[in-house]
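The report below works through strand pairing, helix crossings, one loop residue and the contact between chains. It is best read with the sequence and the coordinates open alongside.

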Amino acid sequence: MAALDMNAEGGPKFVGDPLKIPKIECGAMMDTNTYKAAPAHNEPLGFPGELLENWQEVAIAKLGELAATNRAFQVYLDTCVKCGACTDKCHYFLGTGDPKNMPVARQDLLRSVYRRYYTFAGKYFPWLVGARDLTREVLDEWYTYYHQCSQCRRCAVACPYGIDTAEISMAAREILDTVGVGQKYCNEIIAKLKKTGNNLGMNPKALRATLEDLEEDLEEETGIPIKLPLDVQGADILLITPSADFFAEPHIDGLLGYAKVFHAAGVNWTISSYASEAANFGMFIGSYENMREVSWRIRQAAKDLGVKRIVFGECGHAWRVGYSFLNTLAGPFDFLDQNYPIPQHIMEFTSDAIDDGLLKIDKSKNDEFVMTYHDSCNVARGSAMGRKEGGQFDLPRKVLQAVCNHYYEMERDTIRENTFCCGGGGGLLTDDLMDLRIKGAAPRMTAMQQVSADHGVTHMAAICAICKTQFSKVMPKYGYEMDNIMSVHQLVANAVILDGQETEAEAATAEETP
Amino acid sequence: MISTVFAVLFYLATILLVVGVGMKVMKYARTPVPLKIVVSPAPRTKRGVVLRMFREVIFFESLFKSNKWIWIFAYLFHWGMLIVLLRHLRYFTEPVWWWVELMQPLGKLMAFVMLAGLLGLWARRIFQERIRYISNPSDHLMLALLVGIAGTGTLMTYVTRTDVIMVKSYMLGLLRFDIRELPLDPILLSHLGLVVILMIIFPISKLIHAPGLFFAPSRTQVDNAREKRHISKWARNLPPLPEGIPKKKEG
């Protein structure tokens, strides 16, 4: 591990305690804004290209419509008592000190407007309840601070009434989109997906070429022709994985891990070029319609290919959509094999494969790594795995510990349902928010530094494409290398020994005897 | 005269409270829930959800896990208030129920517990900078109102006793729409006046958190989205999307 360069210019300050509460610093992040979408990004999503002339009227009407069609939004606007239990729970507040990044203060940006137009007290005594008119300044403030929320729901766990800031933040983004103020990063990506089937805008030809390259790599490594099938009619399993798995590190190594597990389990699987994306940014912008359209592609692909099962790869929010929403948005899946969960997570698949003795594992292959595990927020708080409650925490740990010898947990209040967001979730994984991303990663990085100091932890594993990209970018700011973040299935890939695979010893012998 | 004014106020406040809370609850119950948004730790069964809500209501479980200081003060206040309220049943029942009679000493003591909790919460609102930042005037006034009610009540219990027999006769009268005389004791009248205000603002203020708690999908949903399809009415009526993959040339 490199020396911690805590005084690097513009770098984060060292926080000894991952939960340390900063002093309030008003306006600290008010100028951190993400790029706004161009008309070409907004229009394919069904939103106006630019700010509407009567935006105020439209926004207020939309606010009312959302409250009338979403119980959570309505109840959460009404029930907050400002007790303050959430105020120290947001990683962006902990990392920036900006009070508007405290969950309740973030909610209040919108609640104040709701009160002004939709409640008795706010209509007649606005000063009393902090109600305010929806002005251009307020709209801009929404844009700024609702794009400093990664919708990770750590605050919702803390709230005595279960108020979920993610719901408020999603609603705010939908209102912004409805009046023509979209975020470039999310809207451009959704538009791309609608055109090509994935967030990258990768066409089927390019995807096929990529997969073929990876097959070659796998054969070179193992001596076995392991397939990464694309658009195979009649395959048993359709793999839906984030497109980052096709090009980014360490994501690719995770994909190779799934391929090895599928190979070892002897199942017939395929990727679809039409639904070559697990990510669903429709969730980030709070748009039911867009989220449904993106999800629907998975149903279409599954029907078209005639598969029996759907398995999701390592992707955090995609798994929230997959586990919690897919059946709602694109179900019922009566045409799939009902003996398996629909959809199933690759972690559930691998865990079952381990239980069934289908995987030959040499843990020592990962001995160079001392691991810890980062619970990705959407998996931890918005989904589940396996048959037992808490499976989303236990299964990844079980798989990790089955494939590596050195494993340590981070601080109790930073894992499982109390996990911190990586700092790049919820549609904020864009370079124009790098400052926010670095600061927001501070609590997690501090927790990792602790176990590095205490147990010599070198690497962190995650099962989310956003977490992996985010950490590979921000880890160097905290004294780690960019490859200190790993896919869980990367470690699986390292440790699995396939039938007929040349082991290193055999390879060495083979070289010696020409 | 004053007795009549208070009688009218009580009837009005009761109607506003019951109708107001009823309307809010109906609104919450009728508003659709588009998605499964249950938050961890999420029970997989209905029984689990009932247990979870039981722990929330009885122990304030989430608050306990998230902030011990707020939990202590909120717990003292709410339980103190509940027992004080139950003690007040003696002014509305004749003969007084045995368990109300039994809890009388405890009920009198709990006034201090309730006050301690309220003052603790208020102190945090004033001195803890994060909570001060999120507080509106109404948040302070709400505490002032509750402290006022508890304070005047405690005064009457321990310092300047009021004519309890007369108060009880008045209250029993109210229940039969028979307006009797109320002692013209300023502390008693303040106590009752503040209670009337509390009843009136209950449905239109943050006090609605009490019934609202039971309508938070993040806590009340069963985590079974894969096993049981959840779909809201308006979502069911969305225009259908095509089943197969539309044929087009691939580039």
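## Strand pairing

In chain A, strand β5 (residues 371-373) runs parallel to strand β6 (residues 459-462), and the two are joined by 3 bridges. As this is a predicted model, every statement here concerns a computed structure. Within that pairing, A:Met371 stands opposite A:His459 of β6(A). On its own account, β6(A) sends the side chains of A:His459 and A:Ala461 one way and those of A:Met460 and A:Ala462 the other way, and all of these residues are buried. β6(A) also pairs in the parallel sense with strand β7 (residues 485-487) of chain A, again over 3 bridges, and there A:Ala462 has A:Ser487 of β7(A) as its bridge partner.

Chain A also holds an open sheet of 4 strands, in the order β2-β1-β3-β4, with parallel pairing. Strands β2 (269-271) and β4 (344-345) of chain A stand at the edges with a single partner strand each, so one side of each is left without a neighbour in the sheet. Inside this order, β1 (residues 237-240) and β3 (residues 309-312) of chain A run parallel and are joined by 4 bridges, with A:Leu238 standing opposite A:Ile310 of β3(A).

The strand pairs described above are set out below.

| Strand pair (chain A) | Sense | Bridges |
|---|---|---|
| β5 (residues 371-373) and β6 | parallel | 3 bridges |
| β6 and β7 (residues 485-487) | parallel | 3 bridges |
| β1 (residues 237-240) and β3 (residues 309-312) | parallel | 4 bridges |

## Helix crossings

The axes of helix α13 (residues 251-265) and helix α22 (residues 488-495), both of chain A, come within 7 Å and cross at roughly 55 degrees; α13(A) and α22(A) are therefore oblique to each other. The crossing in which α13(A) passes α22(A) is left-handed. On the side of α13(A), the contact is made by A:Asp253, A:Gly254, A:Leu256, A:Gly257, A:Tyr258, A:Lys260 and A:Val261, and on the side of α22(A) by A:His489, A:Gln490, A:Val492 and A:Ala493. Divided by class, the contact of α13(A) with α22(A) has 5 nonpolar, 4 polar and 2 charged residues.

For helix α2 (residues 55-69) and helix α5 (residues 103-118) of chain A, the axes come within 11 Å and cross at roughly 95 degrees, and these two helices are therefore roughly perpendicular to each other. Here A:Ile60, A:Leu63, A:Gly64 and A:Ala67 of α2(A) meet A:Val113, A:Tyr114, A:Tyr117 and A:Tyr118 of α5(A). The contact of α2(A) with α5(A) comprises 7 nonpolar residues, 1 polar residue and no charged residues.

## A loop residue

Is A:Asp499 buried or exposed? A:Asp499, which is found in the loop between α22 and α23 (504-512) of chain A, has 9 other C-beta atoms within 10 Å and is therefore exposed. The C-alpha atoms of A:Asp499 and A:Ile224 are separated by 8.8 Å, although the two residues are 275 residues apart along the chain.

## The contact between chains

The contact between the chains takes 67 residues from chain A and 59 residues from chain B. On the side of chain A that touches chain B, helix α14 (residues 288-305) of chain A gives the most, with 7 residues. By class, that side of chain A has 36 nonpolar, 16 polar and 15 charged residues.

Note on methods:
Residues numbered from 1 in each chain as written. Chains lettered and ligands numbered in written order. Predicted model: local features only at pLDDT ≥ 70, side-chain atom pairs only at ≥ 80, totals over all residues. Axes fitted to C-alpha atoms, helices over the stretch in contact; angles between N-to-C directions. Parallel < 35°, antiparallel > 145°, perpendicular 65-115°, else oblique. Left-handed = near helix turned anticlockwise from the far one by under 90°. Contact = placed C-beta atoms within 7 Å. Nonpolar A, V, L, I, M, F, W, Y, C, P; charged D, E, K, R; others polar. Pairing = 2+ DSSP bridges. Buried ≥ 20, exposed ≤ 12 C-beta atoms within 10 Å, placed from the backbone.
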